[in-house]
Amino acid sequence: KLSLKREVGLMGAVSLIGGTMIGSGIFMSPQTVLATIGSPGASLVVWASCGLLVILASFCYAEMGTVIRESGGEYIYILRTSGPVVAFMLIFSSVLFARPAGVVGISLSFAQYVVAPFYSECAPPVLLVKCVAAAAIIILATVNCLNVRFSMSVQVFFMVVKVLSLAVIIVGGVVMLIRGHTENFQDSFENSNIGISPIGIAFYQGLWSYDGWNNLNYVTEELKRPEVNLPRAVIIAISLVTGLYLLVNVSYLTVLTPKELISSNAVAVTWNKVFGSWGWIMSLAAALSAFGSLNGTFFSGGRVCFVAAREGHMPDILSMAHVHRLTPSPALIFTTVVSLLVLIPGDFQSIVNFFFTAWFFYAITLAGLIYLKIKKPELPRPYKVPIILPILVLIAAVFLVLAPIIDDPQIEYLYVTLFIFSWVLIYIPFIHYKLYPSLLTKLTIFLQLFLQVAPAEKTC
């Protein structure tokens, strides 16, 4: 029988979390956070608050991952606590919208930094940016289909690159501070936009940069000693990333005026004035950073499809693994195709603004953890958090979902909500009543032979 191997150690786990978090957002979101919230001081408060929220949420997920030791993240937790209908709504919203949107957002930021040095005087052509983004998606899909250990090695390498590139930005900012460039921090809270909508949008932009904090929960079955390494990796990776993000934003605000920062399409390129003729190094570092983040997103995203198919919520072919390489290649190929389709009309800003759908399902997951704590206290818990912690994070998640909708209603929010709940219409005939077209069975057999894959079982 086939099953995915436990090949992710502590270093790989830290890299999977931190290496996915550090990538696109920290080079793309600071200008939008500042423009939305209105002042440098308030923007730093937003970045610190986002980091604190993610740390608290990740502690809750660490307990969830040691109680339910299955891959799949929110999907498997909601399936075990809230039932199959809600889990089905999550998986299709995730597979057809949230995950591909994440892949597209990161790939677009990677492409932006790759082509930016060649178009210093104007914006690069949209078609060129999307072609570069598509090439990155296809390359990393191939890497992840070939070998788990190799894709983890890629993740560790790019994690090191990311930390070094951010360290260079931080050191440059410290040098400028020592030289007395503190004018951007005078009256740092002046003109702050204190309102529900500005705070909500600023938080979405900041949290986009922290996205990936829950990546390790998607691959629990491939993690060595999950009861030990899951909490450790979470604490190490997210603490490191939060500290780096705060220092990088201080550096940005030291080197650039708020006006320069807001008007920048690629902030690390604008920051290059510190290095002069060597500024292209920062563009390269930012591109490599986004590339590594894209690899981590692919690695975990494919596992979500794989687990959902194994539970009967997606076509059987997606629950299969390659008979020799032991990678969930059909699920990875499916994620690639959907991401490429989303890339055609997608743009970075619109993708981030509808990031609230992710926090809707985070809220349901946290509610599930509270339920398990109250109703099933006898379950073994190698790692525990006080019940007040998931309650606080749940309140924050509900605020992030509802605040922008209440303060500034848009028809697009209704479309996204209808999209999420419309999957119940698919669930009733195809999952509940198990109506399978005979053509789908023939297609599954053909793809199984063509891709050399077979059903894979849970890793105990």
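Let's start with helix α4, which covers residues 40–67: its 28 residues reach 41 Å from the first C-alpha to the last, close to the 40 Å expected at 1.5 Å a residue. Keep in mind as you look around that this is a predicted model. Helix α4 is mostly covered, with 22 of its 28 residues buried.

Moving along the chain, you come to helix α5, residues 74–81. Seven of its eight residues are buried, so this helix is largely enclosed by the rest of the structure. If you would like to find them, the buried residues of α5 are E74, Y75, I76, Y77, I78, L79 and T81. Just after α5 sits G83, which takes a positive phi of about 105°.

Next comes helix α6, and here we can look at how helices pack. Two packed helices are described by the angle between their axes and by the distance between those axes. Let's use both values for two partners of α6.

The partner to begin with is helix α14, residues 329–343. Its axis and that of α6 (residues 84–115) come within 8 Å and cross at roughly 70°. An angle from 65 to 115 degrees counts as roughly perpendicular, and α6 and α14 are therefore roughly perpendicular to each other. Their crossing is right-handed. On the α6 side, the contact is made by V95, L96, P100, A101, V103, V104, S107 and L108. On the α14 side, the residues are F334, V338, S339, V342 and L343. What classes of residue make up this contact of α6 with α14? There are 11 nonpolar and two polar residues, and no charged ones.

Now turn to helix α7, residues 126–146. Here α6 and α7 pack at an angle of about 120°, with their axes 8 Å apart. That angle falls in none of the ranges for roughly parallel, perpendicular or antiparallel, and α6 and α7 are therefore oblique to each other. This crossing is right-handed. From α6, the contact uses V103, S107, L108, F110, A111, Q112, V114 and V115. From α7, it uses L128, V129, K130, V132, A133, A136 and I137. By class, these residues divide into 12 nonpolar, two polar and one charged. You may have spotted some familiar names: V103, S107 and L108 of α6 take part in the contact with α14 and also in the contact with α7.

Let's leave the helices for a moment and visit two loops. Most residues other than glycine have a negative phi. N191 is not a glycine, yet has a positive phi of about 70°. You will find N191 in the loop between α8 (148–178) and α9 (196–210). Is N191 buried or exposed? N191 is exposed, with a relative accessible area of 59%.

L326 is also not a glycine, and has a positive phi of about 55°. Its place is in the loop between β2 (320–322) and α14. With a relative accessible area of 16%, L326 is buried, because residues under 20% are counted that way.

Our last stop is I406, in helix α17 (residues 388–407). I406 is exposed, with a relative accessible area of 64%. How far apart are I406 and G41 in sequence and in space? They are 365 residues apart in sequence and 26 Å apart in space, C-alpha to C-alpha.

Terms used
Residues numbered from 1 in each chain as written. Predicted model: local features only at pLDDT ≥ 70, side-chain atom pairs only at ≥ 80, totals over all residues. Heavy atoms only, no water. Axes fitted to C-alpha atoms, helices over the stretch in contact; angles between N-to-C directions. Helix = DSSP H or I, 4+ residues; strand = E, 2+ residues; numbered from the N terminus. Parallel < 35°, antiparallel > 145°, perpendicular 65-115°, else oblique. Left-handed = near helix turned anticlockwise from the far one by under 90°. Contact = heavy atoms within 4.5 Å. Nonpolar A, V, L, I, M, F, W, Y, C, P; charged D, E, K, R; others polar. Buried < 20%, exposed > 50% of the residue type's maximum accessible area, 1.4 Å probe, protein only. Expected span 1.5 Å × (residues − 1).
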